[in-house]
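Me: I'd like to learn how to read a structure like this one, feature by feature. Could you walk me through it, starting with how the chains meet?

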Amino acid sequence: MRRVVITGLGVISPFGAGVGSLVNGLESGRSAVCYMDEWAGYCGMNSHVAAPSELKDEKKIPRQQRRSMGRMSIFAAQAAEQAVADAGIDLSGMRSDRMGCIIGSTTGSAISISRAFETMLFKKDLSLLPASMFFQCMSHTAVINVAQYLGLTGYVMATSAACASALQAVGAGYDLIRSDRQDILLCGGAEELHPSVTGSFDVVFATSTKYNRTPDKTPRPFDRDRDGLVCGEGSGILVLEEYEHAVNRNARIYAEITGYGTNGSGAHISQSDSGSIIQCIKETLGNAGTDPDEIDYINAHATGTEQGDREEAAAIREIFGPSVPVSSLKGYIGHTLGASGAIELIASLMMMKKNMVYPTLNLDEVSPDCEGVGHVKRPLGKEVKTLLKNCFAFGGINAALVCKKLIS
Amino acid sequence: MNEQEIIDITNKVFEESFEIEKERLKPEAHIFTDLGLDSLDIVDLVAELQKSFGVSIRNEEKVRDIRTLQDVYGFISAIKKDNE
């Protein structure tokens, strides 16, 4: 099997455009969560907080390529462009059928889907729909728009696994490069905020509702007073590349991906389950040939829900005990859903680069059911040679990835 | 509606929906080769013209004959006259 490394990073996050903005936000220890005025107008919507990303510079994308992009695709295109530049890739000289992209999201553009149905259901006039609307609504809208925008002609695939979409995209890219089907893949995820997105969690009582007037205090991963998740938006894209390919062009290598695993719980449609999470993490560590005590940092999925955090903590406790540092980034940027696996993996790679673990924001007092884990409550200087990234999703889907720093 | 009003409204559609600078909107401009529209854009052009002029042209065969901006002005003018 071939080796796979990460050579480029790009991100649009609630902290702004670029990896630098994300790192600055995390280092400042502030929250990007805010009160969403207009959401209070939806009857039955109890959570009025979210972590929006700013949409800007979209007109730099030529109109004919932008017309099929909803909000999430613009985020994805901008993050992909950053990642390509960061990797030092000159697309004009490198495009081939061995270079493609895999990008996931929970659904197509939620804003566009809402607009399309408002037109169809209330105006009952299909002629009012723009020709490009369907391309914004399709489940694979982010990946097709990135592929068209950058002119990529290799594999173009979308993963759709809700909150595990981005990590599954990175995992699928890892498998395709490892097995000699592709040489370079842009992998990640994208998501956009809309009341229907937060509403899908709100109706199953998974959102945070007690902190609408103090948005920076929520979500609270692993905390005693956590009360649910807060949705965020943005996109994270990583350039995955075959090791020799990267070395031959003198590319900067952030880390090597050494293991990936994904499974289903077969237990419950919405509730996480520690048994299947344990199985997924063990499979991933086994694939990586890494023992639990070799992991220096775990970037948790922990969204701040009562049940999800408890199950993840139980799994981490079972495999790693209290000695491995663990943190969740949801307290800073909310849960960016289909983008979270990529945005948080990028942040974790920056922790690896800086030898610094960013703590779990809003973790003031560890909940008794989340104890026995190496929670990081303040910035921790530590060499991170090997890290584990977790992502879990509705439908009982688990995914995990191991990355290792390359020692030259 | 006089000819100048038709030109102004049509040009506004090209400026706002297709982001084409005012200076490029010359009557002889070919909407595909000079203004850069493609087949998907034509669907949106028809929808915008319908909205702006309050006419129904989606199923008009003559839409297919449109090549230049002047053709658009003439087409709308003829439709408006037919409707009067």
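Reply: Start with contact, which means heavy atoms within 4.5 Å. Here the contact takes 10 residues from chain A and 13 residues from chain B. Before we go on, the ground rules: this is a predicted model, where local features need pLDDT of at least 70, side-chain atom pairs count only at pLDDT 80 or more, and totals for chains, interfaces and linings use all residues. Residues are numbered from 1 along each chain as its sequence is written, chains are lettered from A and ligands numbered from 1 in the order in which they are written, and side-chain values use heavy atoms, with hydrogens and water left out.

Me: How much area do chain A and chain B bury between them?

Reply: Buried area is the accessible area (1.4 Å probe) that two parts lose on being put together, summed over both. For chain A and chain B that comes to about 960 Å², with 43% of it on carbon and sulfur atoms.

Me: And how many salt bridges does the rule find across the interface of chain A and chain B?

Reply: The rule wants a side-chain nitrogen of Lys or Arg within 4 Å of a carboxyl oxygen of Asp or Glu. It finds five across this interface. Take Arg66(A) and Glu19(B): their side chains meet in a salt bridge at 2.8 Å, N to O. On the chain A side, helix H2 (residues 63-66) gives the most to the surface touching chain B, with three residues; helices (H or I, at least four residues) and strands (E, at least two) are DSSP runs, numbered from the N terminus. By class, that side of chain A has three nonpolar, three polar and four charged residues. The classes go like this: Ala, Val, Leu, Ile, Met, Phe, Trp, Tyr, Cys and Pro are nonpolar, Asp, Glu, Lys and Arg are charged, and the others, Gly among them, are polar.

Me: How many residue pairs are in polar contact across the interface of chain A and chain B?

Reply: Eight, with both residues at pLDDT 80 or more. A polar contact is a pair of N or O atoms within 3.5 Å; within protein, one must be able to donate a hydrogen and the other to accept it, and residues adjacent in sequence count only if both atoms are side-chain atoms.

Me: Let's go back to salt bridges. How many are there over all chains?

Reply: The count comes to 29 over all chains. To read one, check the distance and then the burial: buried means under 20% relative accessible area, exposed over 50%, and partly exposed in between (1.4 Å probe, protein chains only). Arg249(A) pairs with Glu241(A), their closest N and O atoms being 2.7 Å apart. Arg249(A) is partly exposed at 22%, while Glu241(A) is buried at 0%.

Me: What about Lys330(A) and Glu344(A), are they buried or exposed?

Reply: Both are buried. Their side chains form a salt bridge at 3.0 Å, N to O. This pair links distant parts of the chain, 14 residues apart, with Lys330(A) in helix H13 (residues 330-333) and Glu344(A) in helix H14 (residues 340-354) of chain A. Salt bridges can also join up: Arg2(A), Arg98(A), Asp180(A) and Asp183(A) are linked in a network of them.

Me: Now cysteines. Why is Cys34(A) not in a bond with Cys231(A)?

Reply: A disulfide is a pair of cysteine sulfur atoms within 2.5 Å. The closest cysteine sulfur to that of Cys34(A) is in Cys231(A), 12 Å away, so it is too far for a bond. Cys163(A) is in no disulfide either, with its nearest cysteine sulfur, that of Cys231(A), 7.9 Å away. A search of the whole structure finds zero disulfides over all chains. As for burial, Cys34(A) is partly exposed at 28%, and Cys163(A) is buried at 4%.

Me: Can we finish with a single residue? What does the side chain of Asn263(A) reach?

Reply: Place the residue first, then list its partners. Asn263(A) lies in strand S9 (residues 255-264) of chain A and is buried at 17% relative accessibility. Its side chain reaches the backbone oxygen of Ser276(A) at 3.1 Å, and a 2.8 Å polar contact joins it to the side chain of Asn398(A). Leaving out residues up to four places away in sequence, Asn263(A) touches several residues, including Gln279(A), Cys280(A) and Gly396(A).
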